[in-house]
Amino acid sequence: MEEQLELNPNSVNGPSESTAPLVDDEPVLSSHALAALKEFLAEQQSHSATVSDAGDSEEVALVSEDWRLSQFWYSSETATTVAEEVLTLCDSVDSRVACIACPTLYAYLKKMDPNVSVQLLEYDKRFEQYGSDYTFYDYNHPEELPLELKHSYKVVVADPPYLSEECLKKVAEAISFLIKPRESFLLLLTGEVQKERAAEILGLHPCGFRPQHTSKLGNEFRLFSNYDPGMRLGGWEK
Ligand SMILES: C[S@@+](CC[C@H](N)C(=O)[O-])C[C@H]1O[C@@H](n2cnc3c(N)ncnc32)[C@H](O)[C@@H]1O
């Protein structure tokens, strides 16, 4: 398992403390490097998402966003709304859920119903912390998904890392591998710019609900579904 970089800013001493006795050969940072490290930590902390849950005082703790992996976590309200919808769709005990590249949703689902069966397919190995609920997934290689996941999920939710046709097509391959044909509910969270492609490639239409993120994004996001949610999710724009 790849170790999560858990740096504690309180453990970083300033240059004035560098005169303390040092063990021979222990690496020492210059004051310049320490200043840069402190700046990095402050930046990381400001993007660290410990999102407080809307309904009660408990919190859903998430790892910090890594923008190099196109990670932008849902706001608490968005994660709660989508998780409520997924739980509504899980009407039988054997309803299994696949979360493709949406770790926040996984965390909220497990918090709202610890018994729900959810598989997180994710590229970021920090989510190996979820044990057997985690499957490594690179959207470039949908053919590498484990066979035991094939046609196993009643609900599939995907949030692709990129807003390109190539990425959506590859993610669609993974989706068709995971769904139970003609039975599964599918939710896709992605940019408004993917609207036509979502309809063409996956037969999805947008809902009225507008997903929000903890960081302000330039692109408008939409939630697409392959079913009519009725009054939920702000209705269906078909
Ligand atoms: C736009 S974010 C969606 C996260 C979602 N908003 C949430 O809060 O859970 C895209 C996700 O794709 C993942 N990702 C990045 N590169 C990937 C790759 N090559 N294959 C699959 N997933 C990838 C990121 O780690 C990130 O979780």
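**View 1. Strands β7 and β9 pair side by side.** Two strands pair if DSSP finds at least two bridges between them. In this predicted model, β7 and strand β9 (residues 221-225) are joined by five bridges. The two strands run antiparallel. One place to look is Leu188, which stands opposite Phe224 in β9.

**View 2. Strand β7 also pairs with strand β6.** Four bridges connect β6 (residues 155-158) with β7 (residues 185-191), and these strands run parallel. Val155 has Phe185 in β7 as its bridge partner. Helix α2 (residues 76-89) packs on the sheet, where it touches β3 (96-100), β6 and β7. The direction of helix α2 makes about 160° with that of β6.

**View 3. Strand β7 and the crossover that leads to it.** Is β7 largely enclosed or open? Six of its seven residues are buried, so β7 is largely enclosed by the rest of the structure. To reach β7 from β6, the chain passes through helix α4 (residues 165-178). This β-α-β crossover is right-handed.

**View 4. The whole sheet has seven strands.** The sheet is open, and its strands follow the order β5-β4-β3-β6-β7-β9-β8. Their pairing is mixed. At the edges are β5 (134-136) and β8 (205-206), each of which pairs on one side only. In a regular strand, side chains alternate between the two faces of the sheet.

**View 5. Helix α3 lies across three strands.** Helix α3 (residues 103-112) lies across β3, β4 (117-122) and β6. The helix runs at about 160° to β4.

**View 6. Phe136 in an edge strand.** Phe136 lies in strand β5, and β5 is one of the edge strands of the sheet. How many C-beta neighbours does Phe136 have inside 10 Å? There are 15, and a residue needs 20 or more to be buried and 12 or fewer to be exposed, so Phe136 counts as partly exposed. Glu122 is 14 residues from Phe136 in sequence, and their C-alpha atoms are 5.3 Å apart in space.

**View 7. The chain as a whole.** The chain has five helices and nine strands. From the N terminus on, these elements follow one another as α-β-β-α-β-α-β-β-β-α-β-α-β-β. Of the 238 residues in the chain, 33% are buried. Among contacts between residues at least 6 apart in sequence, 61% join residues at least 24 apart.

Key:
Residues numbered from 1 in each chain as written. Predicted model: local features only at pLDDT ≥ 70, side-chain atom pairs only at ≥ 80, totals over all residues. Contact = placed C-beta atoms within 7 Å. Axes fitted to C-alpha atoms, helices over the stretch in contact; angles between N-to-C directions. Right-handed = clockwise from strand over helix to strand, strands pointing away.
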